[in-house]
Amino acid sequence: MSCRTLADRIDALLPQTQCTKCGYDGCRPYADAIADGAAPINRCPPGGDEGIAALSALLDTPVLPLDTARGEPGPLLVARIDESHCIGCTLCIQACPVDAIVGANKHMHTVLNDWCTGCDLCVPPCPVDCIEMVPAGRAWSAQDAAISRERHRSHLARVERLAADNARLMAPEAPQAPAAPSLADATGNEERKRSAIESALARARARRNSSQP
């Protein structure tokens, strides 16, 4: 079994909430770290004890108690924006790992409840504290996890494209190479050079003749 295949199988057992509570920038980086032996299997609060047991069975390692310093397991929560206080700063939109918040600059934002993973990453950036986490009233399913994984991949690809576009816009313009002389310019230069030489020779002959008796 290759390391990459193992990481894929580990990733398939993670809840794909992309909450980063494990200390990694999403579920896939955490899966890679577990596969490499760089992280334990008990750092995922959304996965809880059930997730730890599944990882333990896959890796044939002992079950570990959940590292509650990373957070407590609990029912699925979703973000709710108090739209009357939203100032349209877009910071929550930028923070959402699955693009579950819609809106525009200086316009009211709203959360797509069916897309929200309950990661709460949108809460700290809000400058007016108008976001709270509330019970979703449903459980997080394997189908939710699969859809969230694809949305997160799309989000990362979009962020990468925007960063590349911004880098191109900010890059200094390369100096333009001087244009190659045209055939007419080259011909004109040769004629001017020949004329100058002939004039110099004529002046030299005139000076020599005037000095002779």
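**View 1. Gln 18 sits in a loop between two helices.** In this predicted model, the loop that holds Gln 18 links helix H1 (3–13) to helix H2 (27–35). Find residue 13, where helix H1 ends, and residue 27, where helix H2 begins. Gln 18 lies between them.

**View 2. Gln 18 is buried.** Its relative accessible area is 2%. Buried means under 20%, so Gln 18 falls in that class.

**View 3. The side chain of Gln 18 makes polar contacts.** What joins Gln 18 to Gln 16? A polar contact of 3.0 Å links their side chains. The side chain of Gln 18 also reaches the backbone nitrogen of Cys 27, at 2.9 Å. Cys 27 is the residue at which helix H2 (27–35) starts.

**View 4. Gln 18 touches residues from several parts of the sequence.** Leave out residues up to four places away in sequence, and which ones does Gln 18 touch? Gly 26 and Cys 27 are among them. So are Pro 97 and Val 98. Cys 119 and Leu 121 also touch Gln 18. Ser 148, Arg 149 and His 152 complete the list.

**View 5. The whole chain gives the setting for Gln 18.** The protein chain has 6 helices and 4 strands. Along the sequence they follow the pattern α-α-α-β-α-β-β-β-α-α. The chain has 213 residues, and 29% of them count as buried. Gln 18 is buried too. Take the chain's contacts with a separation of 6 or more: 57% of them join residues 24 or more positions apart. The chain exposes about 13,600 Å². Carbon and sulfur atoms supply 57% of that area.

Technical notes. Residues are numbered from 1 along each chain as its sequence is written. This is a predicted model: local features need pLDDT of at least 70, side-chain atom pairs count only at pLDDT 80 or more; totals for chains, interfaces and linings use all residues. Side-chain values use heavy atoms; hydrogens and water are left out. Buried means under 20% relative accessible area, exposed over 50%, partly exposed in between (1.4 Å probe, protein chains only). A polar contact is a pair of N or O atoms within 3.5 Å; within protein, one must be able to donate a hydrogen and the other to accept it, and residues adjacent in sequence count only if both atoms are side-chain atoms. Contact means heavy atoms within 4.5 Å. Accessible areas come from the Shrake-Rupley method with a 1.4 Å probe; for residues, only the protein chains shown count as cover.
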